Amino acid sequence: MMADITAKQVKDLRDKTSAGMMDAKKALVEADGDEQKAIEILREKGVAKAQKKSGNTAANGLTQVAIDGDQAAIVEINSETDFVAANDDFKNLVDAVASVIALEQPADVAAALKLSLGNDTVEDAIIHTSQITGEKITLRRFATMTKTADQTFGKYLHNGGEIGVLVKIDGANETVAKDVSMHVAAENPEFLTQADISADRLDHEQEVLKKEALNEGKPESIVEKMVAGRLHKFLAGICLADQPFVKDQDQTVAQYVEANDGKLAAFVRYQVGEGIEEVSEGATE
């Protein structure tokens, strides 16, 4: 005999799951009035819904940076539209996931999805928020950092999380670290220092610059000096340490940090959607 489902049962289930009224009622009927079983039924349907949306492109979203003592993390969680990215449920999810990743320091996305988040896992929370918003939501990537007592974290979010930056500095202080993170957001360096650039990349750039100089008709006797100068300018553009500091163009970022008793140690910069290619409906790989 099918249990009678009351309006209060439906309301209670909706309050706990944010499911629609008809979805909540159907789940309670299927569960014969058992609320916990109904929650599981809704969760399973949420999984199915998320799987149906797996072909969609989630290229909007937010980045977030969380710092927990000597541990930190930067994350990017994607949605399909910027409308959902502005939704409070989505923002709360991003904040919570960043915090638990900073605390637990998982090795990869698969491990992060299994982390406990309240009474659920990170994956359950993503599915739940996907149910609420009706869009595919994805934990795209994250990076973690740890520091020692004499190191400093800095973070910066641009435009509410469209760009996120996490930096680590030996020594200095939080003001300096935040200044550097704001610089990274604005100037988008590829490398920390020239030592991080591979020999192959340097050789390639030197060859390109040499050909450019020769094609300009410059005599070979001065080409080498020209290439050295242009290579220095090129490196200054892609290495954080060598970039002119945005708040004081007369000194480099490294000089600014060193003047404040610090040394650059690491940085990560995420911009929402970078590298994600839109896939048209019906397109094949």
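**Notebook: two sheets and a few rings**

I started at the hairpin: S1 and S2 are joined by a two-residue turn, where Gly69 has a positive phi of about 65 degrees. Strands here are DSSP runs of E, at least two residues long, and helices are runs of H or I, at least four, all numbered from the N terminus. I count two strands as paired if DSSP finds at least two bridges between them.

Ground rules before going on. This is a predicted model, so I keep local features to pLDDT of at least 70 and side-chain atom pairs to pLDDT 80 or more, while totals for chains, interfaces and linings use all residues. Residue numbers run from 1 along each chain as its sequence is written, and side-chain values use heavy atoms, with hydrogens and water left out.

**Confidence**

I checked pLDDT, the predictor's confidence in each residue on a scale from 0 to 100. The protein chain averages 87, and 89% of the residues score at least 70. Helix H3 (residues 35-52) is the low point with a mean of 66, and strand S6 (residues 151-158) is the high point at 98. Two stretches stay under 50. Residues 47-54 have eight contacts beyond four places in sequence, and residues 278-285 have three. A contact means heavy atoms within 4.5 Å.

**First sheet**

Back to the hairpin strands. They belong to an open, antiparallel sheet of three strands, in the order S1-S2-S5. S1 (60-68) and S5 (138-146) are the edges, each with a single partner strand, so one side of each has no neighbour in the sheet. The twist averages 10 degrees from one strand to the next.

I counted nine bridges between S1 and S2 (residues 71-79). Across that pairing, Thr63 faces Glu76 and Gly61 faces Asn78. On the other flank, S2 and S5 share eight antiparallel bridges, with Ala143 in S5 as the bridge partner of Ile74.

How many residues of S2 are buried? Eight of its nine are, buried being under 20% relative accessible area with a 1.4 Å probe, protein chains only (exposed is over 50%, partly exposed in between). Helix H5 (residues 88-104) lies across S1, S2 and S5 and runs at about 145 degrees to S2. For such angles, axes are lines fitted to C-alpha atoms, for helices over the stretch in contact, and the angle between N-to-C directions runs from 0 to 180 degrees.

**Second sheet**

I found another open antiparallel sheet of three strands, ordered S6-S7-S10. S6 and S10 (262-271) take the edges with a single partner each, so one side of each is left without a neighbour in the sheet. Twist here averages 15 degrees between successive strands. S6 and S7 (residues 163-171) run antiparallel over eight bridges, and Thr152 stands opposite Ile169. Helix H8 (residues 174-187) packs on this sheet, touching S6, S7 and S10, at about 40 degrees to S6.

**Rings**

I looked for aromatic pairs: rings of Phe, Tyr and Trp (its six-membered ring) with centres within 6.5 Å, stacked under 30 degrees between planes, edge-to-face over 60, tilted otherwise. The count is one. Phe245 and Tyr256 are stacked, 4.2 Å centre to centre with 15 degrees between the planes. Phe245 sits in strand S8 (residues 244-245) and Tyr256 in helix H11 (residues 253-259), 11 residues apart. Both are buried.

I also noted charges over rings, meaning NZ of Lys or CZ of Arg within 6 Å of the ring centre and within 35 degrees of the ring normal. Arg141 lies over the face of Tyr270 at 3.9 Å from the ring centre. Lys147 lies over Phe153 at 5.8 Å.
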